[in-house]
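Reader: I am new to this structure and would like a close look at a single part of it, the enclosed space inside and what surrounds it. Please take me through that part and then outward from there.

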Amino acid sequence: MLKKIINGWAKHQVAVTLIFLAFLILYPVLFHSYYLRNVAIQCLIYSLLSLALNLIMGYTGIVVLGMAAFYGIGAYALALLTTKLGISFLPAVVLAVAITFCFGVLLALPTLRIQGNYLAIVTLGFCEIIRIVELNWVSLTNGPFGIKQIPAPDIFGIKSIFGLKLSKPEGKYYVVLVLLVITVVILHNVLNSRSGRAWKSIKGDPIAARAMGINVFRYKVFAFAICAAIAGLAGAYYAAYTGYVDSTTFNYNQSILILSMTIMGGLGSIPGSIIGAIFFVILPEVLRWLGTFCGEWIVEWRQIIYGLILVIMIMFKSDGILGGFDLRQIHLYNKLVKEKEAEEKQNG
């Protein structure tokens with residue numbers, strides 16, 4: 001069944017993408033509920049975070065357990081730039097992404113020489129360091145009280161476009177949707193460029209990649225920095241979306257949630273990252289709804305349910321729902337098979 005779905009998706013990849021994009025564009029029109037719109041915004045934010053982690057894990061094979069650190073850096077950077085320096089949303093987002101990119105480079109340069117699980121532990125330690133700084137540097141971050149009254153998204157001071165107020169949930173939804181689409185387009189082009197092919201070869205065999213003339217360390221640093229920048233973009237939008245940030249949001253549990261989304265959706269798959277994010281954002285809401293019929297125990301056991309889902313996924317498909325699937329290659333393979341069969345019929 002899954003094979004047929006994947007083959008059909010590969011054959012009509014452009015059509016499926018356009019239909020999904022059209023649905024996302026029409027979502028606020030179809031669903032007027034404030035609750036459903038905010039759930040959709042959460043799906044799009046976590047899609048950005050899952051894409052960021054998938055870039056470094058799915059395409060270079062580097063395990064990172066500190067994504068919440070870059071998420072938090074982006075959020076605090078935008079909060080400080082807008083509240084203390086009075087910079088508007090778009091320039092603040094660009095600066096927040098640039099700051100997070102620099103942090104990614106600074107962390108990658110000394111740590112990427114470490115291999116395997118030790119690197120994952122270092123990124124976990126970095127996540128905890130950033131959280132402690134956010135919590136205790138009161139003069140900058142306002143400590144445990146967080147930063148309040150962060151301005152809502154705008155476009156160079158314009159707060160409404162075609163009657164759509166960017167401070168309202170539907171306006172905020174379209175802002176993050178545009179950011180996600182831009183990110184996906186950029187990632188798609190980068191992954192199909194020389195850098196993307198280098199990352200895939202590094203994941204497959206770094207020694208062979210080095211023998212072929214690829215500067216393994218430089219490409220790893222580049223991937224790590226882009227990963228950090230995308231997470232910073234998600235954090236910057238999150239700060240403008242909520243209007244408030246504090247250190248409790250950017251903890252170890254957040255990193256594990258992002259990791260779970262990436263693994264569930266599929267390593268090395270852009271659509272998989274989005275599917276994994278949507279799954280783990282909607283799942284708690286579904287469990288909460290089921291709790292009205294089955295009792296509150298199902299909500300209280302949600303962490304166990306998450307764990308069981310991940311264990312089952314790893315047992316039966318360790319690389320995730322769409323992991324290991326290259327839709328373009330599948331389409332080309334199916335096309336070649338059909339051409340071969342047609343040729344055999346003509347010759348036979």
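**The largest cavity and its surroundings**

Author: In this predicted model, the largest cavity has a lining made up of Leu-51, Asn-54, Leu-55, Tyr-59, Leu-187, Leu-191, Ser-269, Ile-270 and Ser-273. Three elements each give two or more residues to this lining: helix H3 (34–58), helix H8 (169–191) and helix H13 (270–294). Of these, H3 has the largest share, with three residues. Sorted by class, the lining holds six nonpolar and three polar residues, and no charged ones. The space in the largest cavity is about 40 Å³, and the count of cavities of 30 Å³ or more is one.

Two of the helices named above are also joined by a salt bridge. Glu-170 pairs with Arg-37, and their closest N and O atoms are 2.9 Å apart. Because Glu-170 belongs to helix H8 and Arg-37 to helix H3, the pair ties together parts that lie 133 residues apart in sequence. The two partners can be told apart by their exposure: Arg-37 is buried, since its relative accessible area of 12% is under 20%, whereas Glu-170, at 22%, is partly exposed.

The count of salt bridges is two. The other pair is Glu-128 with Arg-131, at 2.6 Å from N to O. These residues sit three apart in helix H6 (residues 117–136), so about one helical turn separates them. Glu-128 is partly exposed at 31% relative accessibility, and Arg-131 is partly exposed at 22%.

H3 and H13 appear again around an open space. The second largest pocket has a volume of about 620 Å³. It is lined by 19 residues, and those closest to its centre are Tyr-46, Leu-257, Pro-284, Gln-303 and Tyr-306. H3, helix H12 (252–265), H13 and H15 each supply at least two residues of the pocket lining, with H12 giving the most, six residues. By class, this lining divides into ten nonpolar, six polar and three charged residues.

Helix H15 leads on to the surface. There, Trp-297, Trp-301, Ile-304, Leu-308, Val-311, Ile-312, Met-315 and Phe-316 form a nonpolar patch, with about 930 Å² of accessible area together. Helix H15 (residues 302–316) gives the most to this patch, six residues. Phe-316 is placed in helix H15, and it counts as exposed because its relative accessibility of 69% is over 50%.

Conventions: Residues are numbered from 1 along each chain as its sequence is written. This is a predicted model: local features need pLDDT of at least 70, side-chain atom pairs count only at pLDDT 80 or more; totals for chains, interfaces and linings use all residues. Side-chain values use heavy atoms; hydrogens and water are left out. Patches are made of residues with over 30% relative accessible area and no salt bridge: like charges are joined within 9 Å, nonpolar side chains (Val, Leu, Ile, Met, Phe, Trp, Tyr) within 5 Å. Accessible areas come from the Shrake-Rupley method with a 1.4 Å probe; for residues, only the protein chains shown count as cover. A salt bridge is a side-chain nitrogen of Lys or Arg within 4 Å of a carboxyl oxygen of Asp or Glu. Helices (H or I, at least four residues) and strands (E, at least two) are DSSP runs, numbered from the N terminus. Buried means under 20% relative accessible area, exposed over 50%, partly exposed in between (1.4 Å probe, protein chains only). On a 1 Å grid over the protein atoms alone, a cavity is a set of points where a 1.4 Å probe fits but cannot get out, and a pocket is an open set with protein on both sides within 12 Å along at least five of seven lines; lining residues have an atom within 4 Å of a point. Grid points are joined across faces, edges and corners, and a volume is the space filled by probe spheres set on the points. Ala, Val, Leu, Ile, Met, Phe, Trp, Tyr, Cys and Pro count as nonpolar, Asp, Glu, Lys and Arg as charged, and the others, Gly among them, as polar.
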